[in-house]
Amino acid sequence: MKSRQTKSQSIKQQPLERQPVTVLKGVGPKVAERLERLAIEQVQDLFFHLPLRYEDRTRVVPIGSLRPGMQVVIEGEVDLAEVVFRRRRTLLVRMSDGTGAITLRFFHFSAAQKAQLERGALLRCFGEVRPGASRLELIHPEYSRIDSFDAATDAHLTAVYPVTEGVHQLTLRKLIAQALDKLERGEALREWLPDPLLEQLQLPTLAEAILYVHRPPEEAPLDQLVDGEHPSQQRLVFEELLAHHLSLRKLREEAQRQPAPTLQAADQLRRKLLTSLPFELTAAQRRVVGEIDRDIEAEAPMLRLVQGDVGSGKTVVAALAILRAVEAGFQAAIMAPTELLAEQHLQNFSAWLEPLGIEVAWLSGRSKGRVRSEALARIGAGHARVVVGTHALFQDDVLFDHLGLLVIDEQHRFGVHQRFALREKGIKAGRHPHQLIMTATPIPRTLAMSLYADLDVSIIDELPPGRTPVKTVVLSDTRRDEVVARVSEACSNGRQAYWVCTLIEESELLEAQAAEATASEMAEMLPGLRIGLVHGRMKSVEKERVMAAFKAAEIDLLVATTVIEVGVDVPNASLMIIENAERLGLSQLHQLRGRVGRGSAESSCVLLYHGTLGQTAKRRLMVMRESNDGFVISRHDLEIRGPGEVLGTRQTGEMSFRIADLMRDQVLLPEVERASMALLADYPEHVTPLIRRWLGEGSRYGEV
Ligand code: ADP
Ligand code: MG
């Protein structure tokens, strides 16, 4: 007993960031467990559980002046309390204060409650005023009995918090009040932002900000608070963004302290590939290859993100990096998020690299049995110099001989965790592979610097010459016949077209069936055309056969599902119809449309929609009509869906902020970046506790 007491005594002397919520009154193991669902484990976590809105209980409002919709505190005396039986048993309490009367209505009540609400009782109630049958009403108000009418009301606005099952508003409010009281009494919550920084940014201290946000004074600017734009909130947001930024910077520092192979070579292989290609690199491609080279020639591992629009030629840039690794005597791996994209890379890399005498291995989730064990053996022995695959590259039994470079395509579908897990694979003989990440979801530079603070960013900001912007129109599918006529005309003029049937309820099967039905319908309507069909349920060889025929212009119209979103490259195809375009997101539409406009002929895209367009769908389709630029499109996408959805980090819980909102708080990002550098340089001892405060003990940073 005694030792337990001293233990809890000593916990209470810890700064608030080290005190578990269980030090608070009313928090036993059960409540603690429920609070965990709200990510509240330490006392300080309660401070960052911010109000959704506020209620004004600072004034008692005369009943005579009430209007429906007001949220108010009123006081009065019970004139009459009766239980009536209508559709359900109801307790009706009439209360008045000399200026008017109001009815309190309760559908659920105990005998004790009924006794409390007796005639003559003095009450203070809080609730929303509603119109009633004979007079205004409060339904299930919060109430308490009072001794007299002159008791003081709340000194500040009342916060309303987000709750979870089993943790009620009042419980949470009481717990937060206990925590705030500790803070007000002067218990320490360390301030990790140095004074000069706070002064320069004109932000309040942490304690000031917390107290203000939870207990704003009566005259606080509510609109600003509800929008999250008050300096007190910005102060907390800033600290949270800073903590995330710092955690990524630490990850980066950590990674860069590892030794990496220096990839130097005479670049014979590169020259051979470049002379075999039918095109010259663009200036942007050359610049990015140069940026990569500087990284991989160094002794620290490269961590570079290449952003480039659809069709900007990222694959060949990756191939050049891979050739450097191979010529320097190392293996390289390239990983894609889907089977189809990986297959496309396999085709490209086999065609480019095998003539140079480089063995390319393939690993996907579908590789099984002998095929798989042979691939593993070739990889393990170092015979396979280049490995192309999907997530299957992550599996524990995949051991490289000496992986020097890892390329990840379409980064937005991989999380930070996965990136690090994969790099671990390369740690053999103490070497960390260089890492190149390619994404076709380009995001604005400030956002990229923040979200990818662990990476350097290169941008391929130029398309290969000869591309013409795709003219895009948005049409209701009531005009489908006109569109079919247009396809017929284009094809009889020697052009080729895609007809894309979009995903129905995420089902590959249904989508394939829709494509089959459309293909037979087109065959009926357009008997003069050669029509092909490709969808995800077909065998790989079958798909390849159809695609090859389309490429060879033996097919005029290719009816397809969204499987052609990536990789497909047929320059003579200059017309694309996308059915039910309203179902697709912006980046998917942009990827799909990127299949046309690859040749010099004027290309067009028809976005057919079904029924009446909703607001968001309309906005998306208008963006597609207005722009061909992936950066512009992704900016709109970010606005419409938010970064978590666009970057796929929401599902993984990464980059999920407690209070910051990347879009709303974007303006802070450049300052966050500067502050992050300053802290790392001048206050390194503040960095870890700050990260821990916001990301917890088990943060990504902690795991590396
Ligand atoms: P993405 O960046 O979308 O992955 P790809 O790497 O698939 O683009 O390239 C799209 C097409 O452009 C491919 O057919 C590729 O061979 C071609 N390409 C790449 N670079 C150039 C270039 N510099 N000039 C002409 N065509 C190029
Ligand atoms: Mg690509």
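This report describes the overall make-up of a protein and two of its sheets, as seen in a predicted model.

**The protein as a whole**

Along the principal axes, the C-alpha atoms fill a box of roughly 95 × 65 × 50 Å. The secondary structure comes to 27 helices and 21 strands. Of the 704 residues, 53% are buried. Among contacts with a separation of 6 or more, 75% are between residues 24 or more positions apart. The exposed area of the protein is about 32000 Å², and 49% of this area is supplied by carbon and sulfur atoms. The protein has 87 positive and 94 negative charges, and the mean positions of these two sets are 3 Å apart.

**The seven-stranded sheet**

Seven strands form an open sheet with parallel pairing, in the order S11-S12-S10-S13-S14-S9-S15. The edges are held by strand S11 (360–363) and strand S15 (456–460); each has a single partner strand, so one side of each has no neighbour in the sheet. From one strand to the next, the twist averages 20°.

Within this sheet, strand S10 (residues 331–335) pairs with strand S12 (residues 386–389) in the parallel sense, over four bridges. Opposite Ala333 stands Val387 in S12.

Two helices that lie across strands of this sheet are H11 and H14. Helix H11 crosses strand S9 (303–308), strand S14 (434–439) and S15. Helix H14 lies across S10, S11 and S12.

**The six-stranded sheet**

A second open sheet, also with parallel pairing, has six strands in the order S16-S21-S20-S17-S19-S18. Strand S16 (471–476) and strand S18 (531–534) are at the edges, and because each has a single partner strand, one side of each is left without a neighbour in the sheet. The twist here averages 20° from one strand to the next.

S18 pairs with strand S19 (residues 557–560) in the parallel sense over four bridges. The bridge partner of Ile531 is Leu557 in S19.

Helix H17 lies across S16, strand S17 (496–500), S19, strand S20 (573–578) and strand S21 (604–609). Helix H20 also packs on the sheet, where it touches S16, S17, S20 and S21.

**Helix directions**

The table gives the angle between each of these helices and one strand.

| Helix | Residues | Strand | Angle |
|---|---|---|---|
| H11 | residues 283–296 | S15 | about 160° |
| H14 | residues 369–380 | S11 | about 135° |
| H17 | residues 480–492 | S17 | about 150° |
| H20 | residues 586–593 | S20 | about 150° |

How values were computed
Residues are numbered from 1 along each chain as its sequence is written. Chains are lettered from A and ligands numbered from 1 in the order in which they are written. This is a predicted model: local features need pLDDT of at least 70, side-chain atom pairs count only at pLDDT 80 or more; totals for chains, interfaces and linings use all residues. Side-chain values use heavy atoms; hydrogens and water are left out. Two strands pair if DSSP finds at least two bridges between them. Axes are lines fitted to C-alpha atoms, for helices over the stretch in contact, and angles run from 0 to 180 degrees between N-to-C directions. Contact means heavy atoms within 4.5 Å. Buried means under 20% relative accessible area, exposed over 50%, partly exposed in between (1.4 Å probe, protein chains only). Accessible areas come from the Shrake-Rupley method with a 1.4 Å probe; for residues, only the protein chains shown count as cover. Lys and Arg count as positive and Asp and Glu as negative; His and the chain ends are not counted. The place of a charge is taken as NZ of Lys, CZ of Arg, CG of Asp or CD of Glu.
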